[in-house]
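Hello,

Here is the structure I said I would pass on. Please open it first, then read the notes that follow.

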Amino acid sequence: MGIIDVNLWQILISLANLLIIFLIVKKFLFKPVQKVMQARQEQVDRIYNDAENDRTAASSMKQEYEARLASAREEADSLVRTAVQTAQRRSDAIVADAASQASHLKKKAEEEIALEKQQMLKGVQSEISDIAVSIASKIVEREVNAKDHDAFVDEFIRNVGEQQ
């Protein structure tokens, strides 16, 4: 039975060796590994915090961008409305000016027509006066009877027709 023998000193030395290895591993291996794990955890937490901060910043930048885009659209709409109103006002002014010029030209043409009509009437009156004087002088030269009177009137009508 030499194989199953229990040696108390052997067990105590084995336990002491185990305790010493435990303390050495604890001091030189467990604490540094724990420090590395803690550093790694802090690094992961920092990365997550940075990612969260970046996400928050991106979200705020997106909202700011959307606000600026909406503002730019409103400003563009306002500029278009202003340009349309300005163009409408200019169009109305041009139409009013054209209407005023047309009215002025029409009035001027009517005045010129009236003036030419008066000049023509004066010319006709002058010609009629000349003819009347001419007839009167012929009548004075000769004695007038009914036949001569009819002949004078016919001659007057022919002269008026020829002069036109």
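**Salt bridges and surface patches**

Arg68 is exposed, since its relative accessible area is 58%, and exposed means over 50%. Please keep in mind that this is a predicted model.

Arg68 is also a partner in a salt bridge. The other partner is Glu64, and the closest N and O atoms of the pair are 2.9 Å apart. Glu64 is partly exposed, because its relative accessibility is 41%, and partly exposed covers the range between 20% and 50%. Why are Arg68 and Glu64 separated by about one helical turn? They are four residues apart in helix H1, and that spacing gives the separation of about one turn.

How many salt bridges are there by the rule used here? The count is two. Besides the pair just described, Arg55 forms a salt bridge with Glu52, with 2.6 Å between the closest N and O atoms. Arg55 and Glu52 are three residues apart in helix H1, so about one helical turn separates them. Glu52 has a relative accessible area of 39%, so it counts as partly exposed.

Now the overall picture. The protein has two helices and zero strands. Helix H1 covers residues 8-141. Of the 164 residues, 2% count as buried. The exposed area of the protein is about 15,100 Å², and 60% of that is supplied by carbon and sulfur atoms.

Next come the surface patches.

- Nonpolar: Val6, Leu8, Trp9, Ile11, Leu12, Leu15 and Leu18 make a surface patch of about 800 Å². One of its members, Trp9, lies in helix H1. Is Trp9 buried or exposed? Trp9 counts as exposed because its relative accessibility is 64%.
- Positive: Lys26, Lys27, Lys31 and Lys35 form this patch on the surface. Lys27 has its place in helix H1. With a relative accessible area of 57%, Lys27 is exposed.
- Negative: Glu110, Glu111, Glu112 and Glu116 gather in this patch on the surface. Glu112 lies in helix H1. Glu112 counts as partly exposed, because its relative accessibility is 41%.

Why are Arg68 and Glu64 missing from the charged patches, although Arg68 is exposed? Patches are made of residues with no salt bridge, and Arg68 and Glu64 form one with each other.

To find your way around the model, you could begin at Trp9 in helix H1, go on to Lys27, look at the salt bridge of Arg55 with Glu52 and that of Arg68 with Glu64, and finish at Glu112.

Regards

Key
Residues are numbered from 1 along each chain as its sequence is written. This is a predicted model: local features need pLDDT of at least 70, side-chain atom pairs count only at pLDDT 80 or more; totals for chains, interfaces and linings use all residues. Side-chain values use heavy atoms; hydrogens and water are left out. Patches are made of residues with over 30% relative accessible area and no salt bridge: like charges are joined within 9 Å, nonpolar side chains (Val, Leu, Ile, Met, Phe, Trp, Tyr) within 5 Å. Accessible areas come from the Shrake-Rupley method with a 1.4 Å probe; for residues, only the protein chains shown count as cover. A salt bridge is a side-chain nitrogen of Lys or Arg within 4 Å of a carboxyl oxygen of Asp or Glu. Buried means under 20% relative accessible area, exposed over 50%, partly exposed in between (1.4 Å probe, protein chains only). Lys and Arg count as positive and Asp and Glu as negative; His and the chain ends are not counted. The place of a charge is taken as NZ of Lys, CZ of Arg, CG of Asp or CD of Glu.
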